[in-house]
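Here is a short dialogue between a learner and a teacher on how to read a protein model. Please look at the sequence and the structure first.

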Amino acid sequence: MPSYLDLLAQLGVGGAHPGGFLLTKEIIEREMVSESAVILDVGCGTGQTLQFLRLMNYDATGLDCDPTMLLKAKKRLNDDTCLIHGTAEKLPFKDSQFDLILCESVLSFTHSQQSLYEMHRVLKDHGVLLAIEVTRIDHPADEIQKKIQSFYGFRNLFTEYEWKSAFYQAGFKKTDIFTEEDYDIEEDEPTTEFDMSDDLDPIYFDMLAKHEELREAYQQTVQFRIFRGVK
């Protein structure tokens with residue numbers, strides 16, 4: 001049985017993370033990133049965010065663990081020099097290398113605490129981690145939480161408090177938490193793109209339907225938050 005991440009890779013989804021690409025753009029613009037900033041996009045997927053950053057002339061690198069995603073990012077960018085195969089838990093970079101790290105719906109799929117340690121390690125002093133993450137709002141029955149984690153492959157399903165604690169344990173000096181309502185997002189642009197692989201197995205469309213079913217059923221149980229951690 002393919003995983004949810006396999007589904008995203010085979011569909012070639014850009015802007016699959018909660019809030020979509022429009023939220024990403026708003027977060028980046030609000031951050032007022034210095035022109036000289038060195039940026040890392042962890043879990044860059046098909047390269048939608050990375051392309052936006054590079055079009056703005058930032059020194060930006062994308063990292064992903066999925067070869068299919070990286071091939072589609074290379075196709076989008078027409079360049080693979082800024083793309084690196086690797087994992088969030090073991091970033092292939094030296095200490096204190098980046099001013100800003102973007103991480104869009106990635107941490108929950110990894111050993112989150114180890115990933116946060118690694119992101120803290122490769123950030124420069126006073127560097128910023130901006131993460132959009134799935135967040136548990138209430139305390140669902142065990143079988144519901146198990147169903148959600150099983151389908152999506154989340155290693156953990158943290159509350160706001162648990163996320164903030166994880167950032168603190170990783171060494172971040174300050175972590176602010178925002179919701180989608182804290183941003184002024186335009187609604188008149190498409191938010192999701194697809195670059196589908198050839199000869200897709202019908203199972204992927206069944207999985208997509210299941211995703212929509214779960215999202216509708218548990219939208220009050222599982223939402224998302226934007227975390228801004230400062231080293």
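The turns below go through helices, single residues, backbone angles and a cavity.

Q: What kind of model is this, and how are residues numbered?
A: This is a predicted model, in which local features need pLDDT of at least 70, side-chain atom pairs count only at pLDDT 80 or more, and totals for chains, interfaces and linings use all residues. Residues are numbered from 1 along each chain as its sequence is written, and side-chain values use heavy atoms, with hydrogens and water left out.

Q: How are the helices and strands named, and what span is expected of helix α8?
A: Helices (H or I, at least four residues) and strands (E, at least two) are DSSP runs, numbered from the N terminus. The expected span of a helix is 1.5 Å times one less than its number of residues. Helix α8 covers residues 203-217, which is 15 residues, so it should span 21 Å. The C-alpha atoms at its ends are 21 Å apart, in agreement with that value.

Q: Which residues of α8 are buried, and which are exposed?
A: Buried means under 20% relative accessible area, exposed means over 50%, and partly exposed lies in between (1.4 Å probe, protein chains only). In α8, the buried residues are Y204, M207, H211 and L214. They lie on the same side of α8, because they cover an arc of only 75° around the axis; the arc is that of the directions from the helix axis to the C-beta atoms. D206, E216 and A217 are exposed on the other side of α8.

Q: What covers the buried residues of α8?
A: Contact means heavy atoms within 4.5 Å. The cover of the buried residues of α8 includes α1 (4-11) and α6 (142-152).

Q: Why is α2 described as largely enclosed?
A: Nine of the twelve residues of α2 are buried, so the rest of the structure largely encloses this helix. The buried ones are G20, F21, L22, L23, T24, K25, E26, I27 and I28. They pack against α3, β4, β5 and β7 (222-230). From first C-alpha to last, α2 reaches 17 Å, close to the 16 Å expected at 1.5 Å a residue.

Q: Which residues of α3 are buried, and what covers them?
A: In helix α3 (residues 48-55), Q48, T49, L50, F52 and L53 are buried. Among the elements covering them are α2 (20-31), β1 (38-42), β2 (59-64) and α4 (67-77). The cover also includes β3 (83-85) and β4 (98-104).

Q: Where does phi take a positive value?
A: One case is N57, just after α3, with a positive phi of about 70°. Another is M32, in the loop between α2 and β1, where phi is near 50° in a residue other than glycine. M32 is exposed, with a relative accessible area of 72%. A further case is S96, in the loop between β3 and β4, with a positive phi near 55°. S96 is partly exposed, at a relative accessible area of 38%.

Q: How does one read a single residue, such as L129 or L107?
A: Start with its place, then its exposure, then its contacts. L129 is in strand β5 (residues 123-136) and is buried, with a relative accessible area of 0%. L129 and M119 are ten residues apart in sequence, and their C-alpha atoms are 7.6 Å apart in space. Leaving aside neighbours within four places in sequence, the contacts of L129 include I101, C103, L116, M119 and F167.
L107 lies in the loop between β4 and α5 (112-122) and is buried, also with a relative accessible area of 0%. Not counting residues up to four places away in sequence, L107 touches S112, S115, L116, M119, A131, E133 and W163.

Q: How is empty space found, and what lines the largest cavity?
A: Rolling a probe the size of a water molecule over the atoms shows where empty space is left. On a 1 Å grid over the protein atoms alone, a cavity is a set of points where a 1.4 Å probe fits but cannot get out, and lining residues have an atom within 4 Å of a point. Grid points are joined across faces, edges and corners, and a volume is the space filled by probe spheres set on the points. A search of the whole structure gives one cavity of 30 Å³ or more, and the largest cavity holds about 40 Å³. Its lining consists of I27, L102, E104, L130, A131, I132 and I226. β4 and β5 are the elements that give two or more residues to this lining, and β5 has the largest share, three residues.

Note on methods:
1 Å grid on protein atoms, 1.4 Å probe; cavity = no way out; pocket = protein on both sides within 12 Å on 5 of 7 lines; lining within 4 Å.
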